[in-house]
Amino acid sequence: MGASFTIRGVVIASRPHRDQDAIITILTPRQGIVSVMVPGAKKHSSRLASLATPPLLADMVLSESKSFYYLKEGETVESFRGLYDTFEGLTSASHILEVVKDTAIDPESAQTLYPLLLYVLYLSKHPEKYRQIVAAFEWRVMDALGFAFDLNECDCGKPDEMPTRAFSFSKCRLYCSNIRCVEKAKDYQFVSLGCVEALRYIREAPLERLSAFRAERYVLDDLCSVTHRYLCERLEKNYDKMSILDTLPPM
């Protein structure tokens, strides 16, 4: 094997390999996505087994052999164990990790998504805000990937006084509720002005204040609906893990 080196990253996925091993997927702030073999990860006595359970932030010592990385040793920095305390937290984290795995495909996107992922994984400390945090994550991911939505007022110059706006998925901009404007919106969903303000806040807020806003239930319903649909349509994939939480009573 080649010389050893150390990286810090978030384990975002793990899959079995042969009988006793595992291959983990790590998001790093510089190299992007890295796949690493964890020998003996399925053995109960393995000192490396705990490092093969996502999500996990860890410092890892790797070696390279035949163009593949092997985990030699590692130390957990943050286990995010609180996510396992609630079904909502675990489901939300699973959805977030799936999106990151699909989108952090190069070092540039990884640099943007790495701090965002670390922030939202701390949702275990605020399980009551899981919907709000997931919506904020989805919206910031869209900006990071170049799918920014135009949140300026309707370009008719005379937006009506209705407390709603047409969120156009096909035009990627807002329209007011005037009939002629709505016709231009094509594929759209009416959302509250509170939802629009929340979207603007999420876009501009510093990372440490990303979810520091209050939203009425109807505003949060609008917010979760449009951010999730916008994400799925732009990435051309139906991310359905969060749908199971729609059947649960509100926290």
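**Exercises on strand pairing in a predicted model**

Strands E4 and E5 (residues 68-78) pair in the antiparallel sense over nine bridges; strands are DSSP runs of E of at least two residues, numbered from the N terminus, and two of them pair if DSSP finds at least two bridges between them. The model is predicted, with local features needing pLDDT of at least 70 and side-chain atom pairs counting only at pLDDT 80 or more, while totals for chains, interfaces and linings use all residues. Residues are numbered from 1 along each chain as its sequence is written, and side-chain values use heavy atoms, with hydrogens and water left out.

**Exercise 1.** Describe the surroundings of strand E4 (residues 56-65).

*Solution.* Start with E5: tyrosine 69 is the bridge partner of glutamate 64. Two residues lie between the strands of this hairpin, where lysine 66 takes a positive phi near 50°. Next, E4 is joined to strand E1 (residues 5-17) by seven antiparallel bridges, and valine 61 in E4 stands opposite threonine 6. Finally, eight of the ten residues of E4 are buried, so the strand is largely enclosed by the rest of the structure; buried means under 20% relative accessible area with a 1.4 Å probe, protein chains only.

**Exercise 2.** Which strands stand at the edges of the open sheet E7-E6-E8, and why is one side of each left without a neighbour?

*Solution.* The three strands follow that order with antiparallel pairing. E7 (173-175) and E8 (188-192) are the edge strands; each has a single partner strand, so one side lacks a neighbour in the sheet. Between E6 (residues 164-168) and E8 there are five bridges, and serine 168 faces tyrosine 188 in E8 as its opposite residue.

Key:
Helix = DSSP H or I, 4+ residues; strand = E, 2+ residues; numbered from the N terminus. Buried < 20%, exposed > 50% of the residue type's maximum accessible area, 1.4 Å probe, protein only.
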